[in-house]
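Let's work through a few exercises on charged side chains that pair up. Grab the viewer and try each task before you read its solution.

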Amino acid sequence: MNDPGLEDKIQDTATHVTQDLRDRAGSNSSRKPQTEDAHPKSAGDAFREELQVDDEEEEIGYFAPQRWWFTSTAFPLVAGTFGPLANLFSVCALVQTWRVKISGGESETQGQRISDPHWLIGLNAASLILALLANVLLLFNFAHRVRYIIAQPLTISLWYLSSLLLIIPLALTPSITPPSGVSQHALSQSYYYALLSAILYGILSTLLLLHLIFSLKPFSAYPASFATLTIPQRTLMLQTISFTLYLALGAGIFSALEGWEFCDGVYWADYTLLTIGLGSDFPLQTSAGRGVLIPYTGGGILLIGIVIGSVRGLVLERGGVKMLHRQLAKERDRGIKKVKKRLGMETRGDSDEALKAEFDVMRQVLRRAEISRKYSSLGISFLVFLVVWFLGAMVFFFSEADSQNWKYGTSLYFTYTTLLTIGYGDLYPESNSGKPFFVLWTLIAVPSVTILISNMGDTVVAWVQKGTMWLGQRTILPERSLRSDKDTRINSTDSRRTRKNQEIRGDIEKLGDAVETVEAERGQGGGIAARLAREIKLVSQDLGKQPPKEYEWEDWKRWMRLLSVSNEDDGRNGRSGLGGLKSLKSPTRSMGTRSPSHSDASRSNGWIWLGDDGPLFSQESEAEWILGKLCDRLEQVLMNEVLNARTAH
């Protein structure tokens with residue numbers, strides 16, 4: 001599952017589905033009469049309402065303080081993702097005994113079960129029931145079906161209690177006297193699954209506790225709810241639940257067909273669906289098992305691809321936006337100091353020289369921030385890869401040292417081939433402690449490698465591609481520009497978005513033609529409204545271009561003058577000052593969000609391109625941003641013309 005191409009397709013499909021839902025929600029809401037007071041909202045109405053506010057929530061989250069992102073967003077996502085997996089581990093801890101009898105010459109995996117005391121089974125079952133209730137409450141909390149202030153403390157308490165109910169038998173089991181006649185015994189896989197469950201319950205409940213604490217006074221860092229999570233983020237929990245159930249279903253079916261233990265079935269299903277394919281320890285022997293494998297793996301690989309694609313999208317896209325935003329803020333502060341030092345002034349001026357200096361610095365800030373984001377993302381993902389690799393190898397070194405006499409180098413080799421889903425099958429865990437850890441470790445490791453490969457696509461892979469194309473153009477390949485290849489790939493991937501942009505461009509061009517025609521008929525073909533309409537038509541041609549269009553200084557200078565002139569002015573005497581761009585508030589700032597800068601707000605006030613309202617911090621492309629300004633200005637001009645006409649009559 002390390003093929004980035006598959007996750008790209010899945011992520012694109014998920015994005016299109018969400019956008020289609022938003023579009024249909026908007027059309028349905030516009031057709032429905034306002035009868036909210038007479039009839040309560042249905043579940044569908046509530047879902048459509050949430051889809052409509054998702055864009056606003058993402059925009060607000062873009063400007064939210066960076067230091068609270070982990071507690072407000074990452075912690076609930078981790079809890080929602082690993083909660084169902086911890087429940088599956090609790091099931092594995094309950095279905096088999098915690099100790100096995102070892103006869104002469106047998107390994108611990110071949111041992112016979114030793115019955116557990118009744119109190120141990122009772123505590124184990126109670127822990128599972130409480131954990132399932134906690135997971136259901138968390139799911140309802142995500143869906144806004146139960147109030148946060150009620151569901152969150154209950155979820156935290158139930159998970160802590162589930163962890164405690166497992167810790168007690170985990171601590172007592174090794175000291176329990178074995179039955180008579182048992183000379184040698186060992187702990188089973190179920191014992192280690194219980195250990196992993198207890199650890200997960202403790203960690204997840206602590207993360208949710210931190211989320212609750214920082215949402216309340218005196219911190220009040222974010223709303224006391226999961227409102228900061230968008231629907232795609234909350235859907236990740238449903239995807240994880242689906243995958244966990246599918247994994248358990250496969251484990252049960254193939255355990256029954258092949259005569260395996262259920263825990264062994266979970267281990268087999270895990271490395272099968274992740275396409276690691278060790279296969280040497282649990283090969284399918286029955287014809288029924290081999291027949292069921294075909295549909296099971298087809299559906300399972302698709303399901304896990306959706307989960308990994310969602311995780312990858314949340315980390316790369318939303319996390320990347322946050323990182324880019326932070327880098328932009330830092331580079332912007334340096335840029336402002338640079339402009340002030342170059343011009344020898346404390347505040348920006350209105351001269352062409354000052355504006356040109358600010359524009360040039362804006363271009364430098366964008367490039368430096370993007371480069372910093374790419375390599376920071378690559379460095380972080382590579383560090384995570386190393387941690388997962390070396391720590392995983394350390395655990396397998398200790399777990400397999402007695403049963404297989406593994407050295408640390410052997411463990412490094414095994415974990416590396418597993419991380420890359422090569423799966424030679426020459427090495428695999430045999431101990432009762434190694435297999436449960438393998439299941440948890442692979443479910444963390446494989447998405448981590450996928451994210452690393454994706455981040456390499458913007459850096460290392462891009463170098464190799466450019467180097468290969470450069471060499472090919474000078475040797476055996478025909479002349480083809482790298483940009484054209486990239487554009488072709490992007491256009492084929494984003495065909496739906498391209499069609500939508502073409503429709504928008506067509507509507508804008510019709511609007512511009514209509515305004516120009518009316519102004520010409522009124523003898524004002526050279527007036528401000530007609531000129532704005534012509535500029536709008538020109539800018540609309542650049543909507544949706546990949547890579548986005550970056551305009552030259554002369555273009556911006558012309559637009560600034562055009563936006564600054566009054567209705568009575570012919571435009572030739574318009575100043576290229578603050579009056580044009582700063583008089584029109586950016587949509588992101590009109591929502592009352594916080595300043596995106598880490599510095600004082602006064603440091604960015606009065607700046608056009610480096611300001612909080614400027615194109616630098618906008619989530620829109622330059623074409624979309626300036627088009628909005630021009631359209632707002634055209635609306636003002638036409639409204640003034642209508643008012644003047646009414647006054648004259």
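Below are three exercises on salt bridges in this predicted model.

**Exercise 1.** Find the partner of Asp264 in a salt bridge, and work out which helices the two residues sit in.

*Solution.* Start with the partner: Asp264 pairs with Lys435, and their closest N and O atoms are 3.7 Å apart. That fits the cut-off, because a salt bridge needs the nitrogen within 4 Å of the carboxyl oxygen. Next, place the two: Asp264 belongs to helix α8 (residues 262-273) and Lys435 to helix α13 (residues 434-457), so the bridge links distant parts of the chain, 171 residues apart. Finally, check the surroundings: Asp264 and Lys435 are both buried.

**Exercise 2.** Arg367 and Glu550 form a salt bridge; say what parts of the chain the pair ties together.

*Solution.* First, the distance from N to O is 3.3 Å. Then look at location: Arg367 is in helix α10 (residues 352-399), while Glu550 is in the loop between α17 (528-540) and α18 (553-564), so parts 183 residues apart in sequence get tied together. As for accessibility, Arg367 is partly exposed at 48%, and Glu550 is partly exposed at 39%.

**Exercise 3.** Buried or partly exposed: which word suits Arg558, and which suits Glu535?

*Solution.* Begin with the bridge between Arg558 and Glu535, whose closest N and O atoms are 3.0 Å apart. Arg558 lies in helix α18 and Glu535 in helix α17, 23 residues apart. Now the numbers: Arg558 has 36% relative accessibility, so it's partly exposed. Glu535 has 11%, so Glu535 is buried. One last step: salt bridges with shared partners join Glu535, Asp555 and Arg558 into one network.

Methods
Residues are numbered from 1 along each chain as its sequence is written. This is a predicted model: local features need pLDDT of at least 70, side-chain atom pairs count only at pLDDT 80 or more; totals for chains, interfaces and linings use all residues. Side-chain values use heavy atoms; hydrogens and water are left out. A salt bridge is a side-chain nitrogen of Lys or Arg within 4 Å of a carboxyl oxygen of Asp or Glu. Helices (H or I, at least four residues) and strands (E, at least two) are DSSP runs, numbered from the N terminus. Buried means under 20% relative accessible area, exposed over 50%, partly exposed in between (1.4 Å probe, protein chains only).
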